[in-house]
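Trainee: I've got the model open, but the terms confuse me. Can we go through them one at a time?

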Amino acid sequence: MTQSKQNTPSSSGSGTDSKDRDSDLERFLDEVSQRNPHEPEFLEAVREVIEVIYPEAVGRPDLQQDAILERLVEPDRVFSFRVCWEDDDGQLQVNRGYRVQFNNALGPYKGGLRFHPSVNLGILKFLAFEQVFKNALTGLPLGGGKGGSDFDPRGRSDREVMRFCQSFMIELSRHIGPDRDVPAGDIGVGEREIGYLYGQYKRLQDESRGILTGKGVGYGGSLLRMEATGYGVVLFAEAMLSRLEEDFAGKACAISGSGNVALFAAEKLLEKGAKVVTVSDSGGYLHIPEGLDTELLKKIKDLKFAQRGRLESLDGEDGCEFHADERPWEVACDLAIPCATQGELDLEAAEALLENGCMGVIEGANMPSTAAAIKRFREEKKLFAPAKAANAGGVAVSGLEMSQNSMRVYWKRERVEEELAEIMGSIHKQCVEAGDDGDWVDYVKGANLAAFKQVASAMLSLGPG
Ligand code: NDP
């Protein structure tokens with residue numbers, strides 16, 4: 001974006017008229033829209049952040065002079081590449097791969113790889129943009145990036161997934177490195193995919209370096225990485241409840257998703273005495289009226305992680321009911337914890353949750369709530385934990401995996417667990433300090449402001465480039 005004076009915050013300081021500021025803000029966002037057409041998720045993520053930080057940026061000539069906001073919404077670099085691989089029938093398949101290196105002011109680019117047919121550049125730009133702020137909140141030296149492919153691992157054999165990953169890494173390996181860019185997993189990229197990707201990197205470069213996180217324990221992975229995002233979500237929510245002198249005991253929690261984030265959030269919730277009443281997958285949701293127990297959780301983990309099966313197959317078991325093509329937000333709950341994908345909790349869902357007396361939403365997935373849904377919860381001054389704060393536990397433990405790899409050591413589970421709890425507590429504290437509006441804490445404002453201050457300060461120190 002060209003540095004255009006009229007689109008940057010007015011520098012007239014305390015005398016700035018708020019109407020002028022609003023129209024400056026809209027002009028700024030319009031320009032971002034024009035430069036990034038057909039990328040609704042990216043534009044929504046930018047709006048959420050910029051709306052919060054714009055008033056802060058008003059009257060800061062240093063931010064204007066270095067075009068901090070303009071640079072914040074423009075990725076440092078984007079790679080797009082062809083990925084050819086052979087399926088089990090000997091047919092050559094062609095997919096598209098991406099890596100978005102968004103901002104490395106705080107450290108090497110860091111963020112997951114997503115393999116899902118819905119992947120496109122706009123979605124990865126939104127995820128990479130969010131990652132910049134999330135990583136800042138962890139307090140670790142990590143920049144933000146994201147990547148992936150429109151490849152769908154579902155229904156593919158292990159060998160097909162392996163050949164895809166190997167081909168994907170041939171190109172990706174040129175752009176990553178322990179001090180440059182360190183990808184991890186995300187939707188469709190779990191330990192199996194990370195193993196194949198890492199194996200290919202080692203073959204190509206003949207080096208054992210920490211260029212990916214989420215590796216298996218035993219070949220460079222950190223204990224607790226797999227559990228970290230879900231556990232972190234619950235630790236963050238626990239800190240929110242504890243501020244209100246409440247806890248999880250007996251609270252009904254509706255979870256969406258049944259992947260890495262969802263099932264480890266469920267595990268931690270059980271440990272805390274909560275009642276998990278739903279999980280879901282892309283086929284629909286499983287209602288568990290009596291609440292999940294450890295036996296059923298084990299069964300679901302086995303179904304989703306080992307057999308790669310569908311929740312539908314559990315209909316009628318242990319009193320569960322499967323609701324095809326529905327989302328879980330119609331079930332009465334105290335807390336809604338969306339852990340599947342973006343845009344899965346819309347205004348209609350928010351209204352249903354509020355009507356059923358829901359205390360708030362804790363975002364496990366990235367941007368699962370639409371802007372309209374977030375607005376409703378904030379208007380009602382309900383608890384609302386934005387993803388960049390609540391789900392930062394995964395990247396935090398990825399950062400700890402990088403440290404262990406650099407030192408060539410493995411830390412004990414207790415140490416990683418302690419560090420994770422400390423980081424989630426610190427993120428909560430930063431959100432409260434920056435988001436305290438007197439009678440309630442606006443966690444959306446708190447997370448965005450606290451993260452922005454860190455990233456902007458580093459960008460100013462490093463000078464423009
Ligand atoms: P997984 O692939 O392990 O699980 C994703 C789950 O969401 C599955 O149950 C999947 O169903 C469901 N799902 C995916 N897409 C859709 C869709 N379009 N509609 C309905 N359900 C869908 O992914 P993760 O658990 O790793 O990631 C979940 C979310 O958390 C994502 O937003 C991700 O970006 C975010 N996240 C993940 C982190 C991590 O450490 N893994 C870290 C921080 C954020 P099905 O089984 O049918 O495919």
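Mentor: Sure, let's start with domains: their bounds come from an automatic or database domain assignment. Here that assignment gives domain 1 (1–73 + 441–465), domain 2 (77–209) and domain 3 (226–385). The C-alpha centres of domain 1 and domain 3 are 33 Å apart.

Mentor: Two housekeeping points: this is a predicted model, where local features need pLDDT of at least 70, side-chain atom pairs count only at pLDDT 80 or more, and totals for chains, interfaces and linings use all residues. Residues are numbered from 1 along each chain as its sequence is written, and side-chain values use heavy atoms, with hydrogens and water left out.

Trainee: How do you know which residues surround the ligand?

Mentor: A residue counts as near a molecule if one of its heavy atoms lies within 4 Å of it. The ligand is surrounded by 26 residues, with Asp 186, Thr 229, Ser 282, Arg 310 and Asn 366 the closest.

Trainee: What makes the pair between Arg 310 and the ligand a polar contact?

Mentor: A polar contact is a pair of N or O atoms within 3.5 Å. An N or O atom in the Arg 310 side chain is 2.8 Å from an oxygen atom of the ligand, so the pair qualifies. For Ser 258, a polar backbone atom is 2.9 Å from a ligand oxygen, so that pair passes too.

Trainee: Why is the ligand said to lie between two domains?

Mentor: Because domain 2 and domain 3 both give residues to the shell around the ligand.

Trainee: What makes domain 1 and domain 3 count as being in contact?

Mentor: Contact means heavy atoms within 4.5 Å, and 9 residues of domain 1 meet that with 11 residues of domain 3.

Trainee: And how do you know how much area is buried between domain 1 and domain 3?

Mentor: Buried area is the accessible area (1.4 Å probe) that two parts lose on being put together, summed over both. For this pair that's about 840 Å², with carbon and sulfur atoms giving 63%. On the domain 1 side, Glu 44, Tyr 443 and Val 444 lose the most area to domain 3, together 61% of what that side buries.

Conventions: A polar contact is a pair of N or O atoms within 3.5 Å; within protein, one must be able to donate a hydrogen and the other to accept it, and residues adjacent in sequence count only if both atoms are side-chain atoms.
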